[in-house]
Amino acid sequence: MQFTALMALPPPDPQFVLRGTSAAVHTLHFSCGGPEPDAPLLFSGSENGFIHVWNLKTHRVDTALDGHGRKSVCFVETMGGKDWLLSQGRDQRICLWDLAEGRTSVTDSVFTEHVGFCRCSLLQVAQGRWLMAMAARSLEEVQILELPSKTSVCTLKPEVGAKLGMPMCLKLWQLSCGSQPVLLAGYEDGSVVLWNVSTGKALSRLTCHQEPVMSLDFDSEKAKGISGSSEKVLSIWSLNEQQNLQVYKTHELVNAGISDITIRPDKKILATAGWDHRIRIFGWKKLKPLAVLDYHTATVHCVSFSDHSSPPDRLLAAGSKDQRISVWSIYAQT
């Protein structure tokens, strides 16, 4: 399907819809890069505390995981293949699951003591070593842990009087393997702050929104990021060589409220999850609106692109308060 034709044609229907979570869907994560005959998988986390492992060949649930005491699951991500899964719930626990050889056991967990909605962020820094950023017990702080050892790396504390409020969204990244990891954090006051994880110091702060930052994503190759809030505006910002954040431009939306925002791994397009029940697709280079995917009947909470190695196989999934997961094929032929 060519994107140039998309605006003239009516938007496509989902390629398929996954039903059966029996609760609002808050988080999604694909694992499709495995060798044949491994089936491509989609992990979903629901408001009822369950994580479902969907087989994308059969469109059915392979496994249902119950580890968060029936409290909402807000984050799921695999760690180096599909045998290990990290999940975060509103029970203030982050769990590490062993899913190898049909197992479904929690082998370790971290008690976050954080009462907000902030999803943690995961970054692989070496073979078998990850950093995890999570909102801490103290309202304004972010804690960085090394996994699997759970060693504390640092606690990121705003300066006295900064009045950032709670961290709302986090994104750990590094320019290249071996370079210094940094954290982008969106806060309750509408600011985005860039933190040096090694020193625990804030490098730059930018007011991007009038309302809390609900979601952000960052393209480290272009040194450019995007964030959304409860307002009718997307904020696009850049990072200069002096590590200062600057407003690049803003994009006015038709309807207010963005729950989630994600740039596709190839950095060509991005998707937003809207409170207006719609998924919107934009070109990342100029933020040109490409498509409005109108299927859900309630707020869309999350959007995620698949990691298929072959571009025509790549998918977009969206999870909604309407308890459904829509899966779309959005392949722009070059």
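With 334 residues, a compact globule would be expected to have a radius of gyration near 20 Å, and the protein chain's 19 Å agrees with that. This radius is taken over C-alpha atoms, and the globule rule is 2.2 Å times the number of residues to the power 0.38. Keep in mind that this is a predicted model, where local features need pLDDT of at least 70, side-chain atom pairs count only at pLDDT 80 or more, and totals for chains, interfaces and linings use all residues. Residues are numbered from 1 along each chain as its sequence is written, and side-chain values use heavy atoms, leaving out hydrogens and water.

Let's look at the whole chain. Along its principal axes, the C-alpha trace spans about 50 × 45 × 35 Å. Of the 334 residues, 56% count as buried (under 20% relative accessible area, with a 1.4 Å probe and protein chains only).

Now for the fold. The protein chain has 1 helix and 28 strands; these are DSSP runs, helices being H or I with at least four residues and strands E with at least two, numbered from the N terminus. Four of the strands form an open, antiparallel sheet in the order E2-E3-E4-E5, where strands pair if DSSP finds at least two bridges between them. Strand E2 (25-31) and strand E5 (60-66) each have a single partner strand, so one side of each is left without a neighbour in the sheet.

Inside this sheet, E3 (residues 41-46) and E4 (residues 50-55) run antiparallel and are joined by 5 bridges. You can find one example at Ser44, whose bridge partner in E4 is His52.

Terms used. Buried < 20%, exposed > 50% of the residue type's maximum accessible area, 1.4 Å probe, protein only.
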